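Thanks for coming. I will go through one structure today, helices to begin with, then rings, then spaces, then backbone.

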Amino acid sequence: MLATHLDVFNIVQAKFLAAEVVKSINLNVSIVDGPQNNSNRILALVEYNNSFALFVLVSSRTQPVSFSDLSIETVVPVDQSFACETEPVAGQNHVILVIKYKQNRYEYNIEVGKESCNFAAELIRSKEVSTSKPNFTWLEKYFGTMNQSNRNSDPISDQSEFVLVRDGMTQGQTAINRESMLRYQLKLRDSEFTQKQEFTIFVGTWNVNGQPCSASLRSWLSYDENPPDVYAIGFQEIDLSKEAFIFNDTPREAEWQKLVMDGLHPNAKYRLVALARLVGMQLAVMINNQHYQHVRNVSFDTVGTGLLGKMGNKGGVAVRLELHNTSLCFVNCHLAAHVEEYERRNQDYKDINARINFRRNPPAIKDHDQVYWLGDLNYRITDLSNTQVKVLLQRNETNALLKVDQLNQQRERGNVLLDYLEGDITFQPTYKFDLFTDVYDTSEKARPPAWTDRILWRGRGIHQLYYRSHMDLKVSDHKPVSALFKSEISVVDPTKYRKVHEDLLKKMDKHENEFLPQVTVDQTEVTFDLVKFREPQCRDIIIANTGVVPAEFEFIKKLDESFYCKDWLRIVPFSGSINPGEKCDVRLEVNLETDLDTLDDILVLHLKGGKDMFIIVNGTCQKSCFTQSLSSLVRIQVPILHLSDEEWNLARNNISPIYYSVPRELWLLVDYLYRHGLKTRDLFESCALHEELIHIRDWLDCGSQEPIPGTPQAIAESLLLFLSYTKDPVIPFELQDVCIAAANNFENCRQLILQKVNDIHRTVFLYVCMFLQELLRYSNDNGYDAKTLASLFGDILLRDQIRNSKPQASRGKANFVYNFLMNDLSSSLLPK
């Protein structure tokens, strides 16, 4: 079996339940007399309990990459009514496979070869070996998932008015949730009451480089003759100030949004649907007034992928909505900079995809009907100098440059935006220009031009009309980019909808008490490998709908617990609906950020209208210096993993003597930064690769004769992590309010530290502040001022009991730390 064939075989098998075994497949099948280029069908012979059936699957891609790419077009039982034969086609390398079942006849073109011969042999053999009276009730669930055009030719039963099994059901079952069942049946019959209407969607992106703008945006936003129905406008770097970075607060939001509203097409009136911002990233979605009443379920979310995995100098903002009967999602991102950092950009993209949660159905980006991804993706041109790129541009050899475009390369390798499409790029690179000119970078750095600003999409019924840049706007070192789409939106006909709705309700009344949702879970105990600090692990469980009605599931909290799972566990998705014959992959992800010896949890999987199931989650944890108390760490002289259990118990119970005034791990990190990081620009604003932080953690926990691994920026982030995750904050929780209240007077702050904070925590606090004072001595090199450092470290040294996943610093905490950066911290500060 060829590698490609084997890959598709495994994907096809994933479409079915474990007991339903795919015996053989035939690829590149097309319908006789069908449209050209329709060879995206797959024939699959499936066996269950000695009964066989032929499935005709349609792939939404040339080659499917997951079972969700496959839909069921036709199901034919293999019994005494089944017959197959082949008809040759003169002068062609294919034959016609004819399938007959009762009054039905299906004809397919299949290529002549070993694959088709093997498939035909298996098909003939299946009829010979099947039982004399095969039971095909297992097929009933698949007729509800068939393409609409084939549903009326159900080869099992002539009664196709309601796709539910009526035989073999046990008595006394309770009613399923009517709303869930109704939604499912309406979805199956939506083609009876909806029609596709074309809407124009204008998507624009511009990195404005922190520049204020007073010029009109109409040449960008009103470029086309006719007004679009929907606008999605994304900005990056609307504010580059440290204030915006630390406090996620900027007056530029309102300024740029006013310019956007003023620049919309003058031949239509628009209303704002949603505005989302994270530091310098901003996304606004507007819609033509005449369509506003058809918008519902609007939601937005933001994800910071910068420092500590949450700071918003890099990341994404997303808006979702439903327009008529189609769900739309817009994502504006700003990924990691610098030509060599494509892996970090890939990581940023994956983080945005995984962490955006709209808390509506669907909660994830990927589950929407249409997704538009825009922004400063920051992918550059690989392995060419500035001069070489400019020469190729002068020769109009754009295709040669696009071959070495990092985004195209990473997509081809399957690392990023794999299932998205991008239109042909016919415009010049949009970065980097000298300000207020059309001249590419003439500075000392002379960055090669690159297509950093991009717009991509995924989903059916999306047709891109234009993809262009707008060279006349020169305020930034980037040029704006826009794309105009003609997108098919599913619009409900109210009269037809009511008719189908009433018809379904009547039929459901007859069977109200007949059906229960039924699911199986492939494993009820999940065990993780050795779990380490901030090194996530994932396990997947499969929930399969083995019944004949939709199954709505949800993980629910246990009695006396406030959440459905422990805080070290993340479940995606934690709720959902599974149609008959389909399944849902649920990911369990553990991320250890506290001091635990073991992981233990019992998850309650609740089935709406059915029974609860229980899933056990467990694992063993490895201790780390990052999650220990300061009082324990000053009592150990060697890396924490070198300690025996007895030695560690003595240290963490504060029985061992104190060997150091500050933890050795803290000293190692600060000492490195003293020697290598004081002059490093933006030391605390770069996000390290996850692998870098893992190496530094292992170096501290395990010890090594080698120098500490990593760059100054990675060590700086490790320092912030260390101070953020110790068991107790440097300034105890109970003192935070009084510290903030005293922040306007240094002497009051000083007295609090002297009188209220214990010796170990006081020494650590002063040690960190003295390091920051040293950093300020080199502010001309590193770009930091006291307010910025105080804001950054205030939330860490006086951290909250409940962690905030969004970047939002406290001015009161910043003011408290600021006092200790601007005043003398001599020995007189220490108690006598």
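A polar contact here is a pair of N or O atoms within 3.5 Å; within protein, one atom must be able to donate a hydrogen and the other to accept it. Keep in mind that this is a predicted model.

With that cut-off, look at the start of helix α23, where a side-chain oxygen of aspartate 785 comes to within 3.1 Å of the backbone nitrogen of lysine 787. The helix has twelve residues, 786–797, and at 1.5 Å a residue they should span 16 Å; the end C-alpha atoms are 15 Å apart, so expectation and model agree. How many of the twelve residues of α23 are buried? Ten are, so to speak of it as mostly covered is fair. Among the buried ones are Ala786, Leu789, Phe793 and Leu797.

Helix α21, residues 759–776, can be treated likewise. Its 18 residues should span 26 Å at 1.5 Å a residue, and the end C-alpha atoms are 26 Å apart, which agrees. Because 14 of the 18 residues are buried, α21 is largely enclosed by the rest of the structure. At its N-terminal end the cap is asparagine 758, with a side-chain oxygen 3.1 Å from the backbone nitrogen of isoleucine 760.

Next, the rings. A pair of aromatic rings is described by the distance of the centres and the angle of the planes. Searching the whole structure gives 29 aromatic pairs. Take tyrosine 564 and phenylalanine 574: their centres are 5.3 Å apart, with 20° between the planes, and the pair is stacked. Tyrosine 564 is in the loop between β22 and β23, and phenylalanine 574 is in the loop between β23 and β24, so this pair ties together parts ten residues apart in sequence. Is each of these two buried or partly exposed? Tyrosine 564 counts as buried, at 14% relative accessibility, and phenylalanine 574 counts as partly exposed, at 26%.

Another pair is phenylalanine 626 with phenylalanine 722. The centres are 5.9 Å apart and the planes stand at 70°, so this one is edge-to-face. Phenylalanine 626 lies in the loop between β27 and α14, while phenylalanine 722 belongs to helix α18, so the pair ties together parts 96 residues apart in sequence. Phenylalanine 626 has 2% relative accessibility and counts as buried; phenylalanine 722, at 0%, also counts as buried.

There is also a cluster, in which ring pairs link Phe16, Tyr48, Phe55 and Trp138.

Two arginines deserve a mention alongside the rings. The charged end of arginine 271 sits over the ring of tyrosine 292, 3.8 Å from the ring centre. Arginine 345 has its charged end over the ring of tyrosine 379, at 5.2 Å from the centre.

Now the spaces. There are four cavities of 30 Å³ or more. The second largest cavity holds about 80 Å³ of space. Which residues line the second largest cavity? Phenylalanine 626, from the edge-to-face pair, is one of them, and others include Phe533, Arg534, His690 and Arg697. Helices α17 and α18 each supply at least two lining residues, and α17 gives the most, with four.

The second largest pocket has a volume of about 1,400 Å³. It is lined by 50 residues, and the closest to its centre are Glu237, Lys314, Ala337, His338 and Asp682. Helices α7, α9 and α18 each supply at least two residues of that lining.

Last, the backbone. Most residues other than glycine have a negative phi, and most peptide bonds are trans. Here are some exceptions.

Histidine 338, named a moment ago at the pocket, has a positive phi near 80°. It is found in the loop between β14 and α9. Valine 279 has a positive phi of about 50° and lies in the loop between β10 and β11. Valine 279 is buried, with a relative accessible area of 4%.

As for peptide bonds, the one joining tyrosine 431 and lysine 432 is cis, with omega about 0°. Lysine 432 has its place in the loop between α12 and β16. The bond from valine 572 to proline 573 is also cis, with omega near -10°. Proline 573 lies in the loop between β23 and β24, the loop that also holds phenylalanine 574 of the stacked pair.

That is the end of my list.

Note on methods
Residues numbered from 1 in each chain as written. Heavy atoms only, no water. Expected span 1.5 Å × (residues − 1). Buried < 20%, exposed > 50% of the residue type's maximum accessible area, 1.4 Å probe, protein only. Phe/Tyr/Trp six-rings, centres within 6.5 Å; stacked < 30°, edge-to-face > 60°. Lys NZ or Arg CZ within 6 Å of the ring centre and 35° of its normal. 1 Å grid on protein atoms, 1.4 Å probe; cavity = no way out; pocket = protein on both sides within 12 Å on 5 of 7 lines; lining within 4 Å. Points joined across faces, edges and corners; volume = space filled by probe spheres on them.
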